[in-house]
Amino acid sequence: MIESLQLASAEVGLEINLTKTMTMTNSSKIPININGNPLEYTDKYIYLGKTISFDRKNNDIEIERRVQQTWNKYWSLKEIFKSNLPINLKTKIMNSNLIPGLTYGCQTWKFTAKTKHKIATCQRGLERSMLKVNKMDKIRHTTIRAITKATNALSYAQKLKWKWAGHITRLTDQRWTVPDITLC
């Protein structure tokens, strides 16, 4: 397939960038060459913002990455979240910027207890920081959520997963996604 791609590309004046092109397999690594140059194998890569890997720990790695990116986005907007703006405006920004970023690609996650805990902990931390509440203040997260009225990220993620699963099960053609649904 890669040889066909390379030949078709060459016919229209395009060439494959060998420094950016890698290959990944769940089987044995057979050397693949383009014009005598070997393609490098990789164990994971990021495609459309989601980590792709055959590693069993990929789910945990992806969740950790999403949490880190969400905190990075939060701190890039610190002028808003640490300001004296009304809480409802901060919550709108959280719901429209941070929660979707935190839950991006959640349709393919396994919702283990560890995953659920990481999502909930991240959101609680964001809300505490937004309200300038310290853990030592011993204010329950239910009280904080009542103040912020933010979308529950975990419920949002699980709802998106069920919506996606419903979409896939309603497919009538024979796509490869249909028999491979896992709802954890």
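Visitor: How do helix H4 and helix H5 pack, and what is the angle?

Guide: Keep in mind that this is a predicted model. Helix H4 covers residues 87-102 and helix H5 covers residues 113-130. They pack at an angle of about 155°, and their axes are 12 Å apart.

Visitor: What does that angle say about how H4 and H5 run to each other?

Guide: Angles over 145 degrees count as roughly antiparallel. H4 and H5 are therefore roughly antiparallel to each other. As for handedness, H4 passes H5 in a right-handed crossing.

Visitor: Okay, on to strands. Which way do E5 and E6 run, and how many bridges join them?

Guide: Here's the general idea: side chains in a regular strand alternate between the two faces of the sheet. In this model, E5 (residues 44-47) and E6 (residues 50-53) run antiparallel, joined by four bridges. For one pairing, look at isoleucine 46, whose bridge partner in E6 is threonine 51.

Visitor: And what do E5 and E6 form?

Guide: A hairpin, with two residues between the strands. Check leucine 48 in the turn: its phi is positive, about 50°.

Visitor: Last one: what lines the second largest pocket?

Guide: Generally, rolling a probe the size of a water molecule over the atoms shows where empty space is left. This pocket has a volume of about 190 Å³. Its lining includes Met22, Met24, Tyr45, Ile52 and Phe54. The lining residues divide into five nonpolar and four polar, with no charged ones.

Terms used. Residues are numbered from 1 along each chain as its sequence is written. This is a predicted model: local features need pLDDT of at least 70, side-chain atom pairs count only at pLDDT 80 or more; totals for chains, interfaces and linings use all residues. Side-chain values use heavy atoms; hydrogens and water are left out. Two strands pair if DSSP finds at least two bridges between them. On a 1 Å grid over the protein atoms alone, a cavity is a set of points where a 1.4 Å probe fits but cannot get out, and a pocket is an open set with protein on both sides within 12 Å along at least five of seven lines; lining residues have an atom within 4 Å of a point. Grid points are joined across faces, edges and corners, and a volume is the space filled by probe spheres set on the points. Ala, Val, Leu, Ile, Met, Phe, Trp, Tyr, Cys and Pro count as nonpolar, Asp, Glu, Lys and Arg as charged, and the others, Gly among them, as polar. Axes are lines fitted to C-alpha atoms, for helices over the stretch in contact, and angles run from 0 to 180 degrees between N-to-C directions. Angles under 35 degrees count as roughly parallel, over 145 as roughly antiparallel, 65 to 115 as roughly perpendicular and the rest as oblique. A crossing is left-handed if the near helix is turned anticlockwise from the far one by less than a right angle, and right-handed if clockwise.
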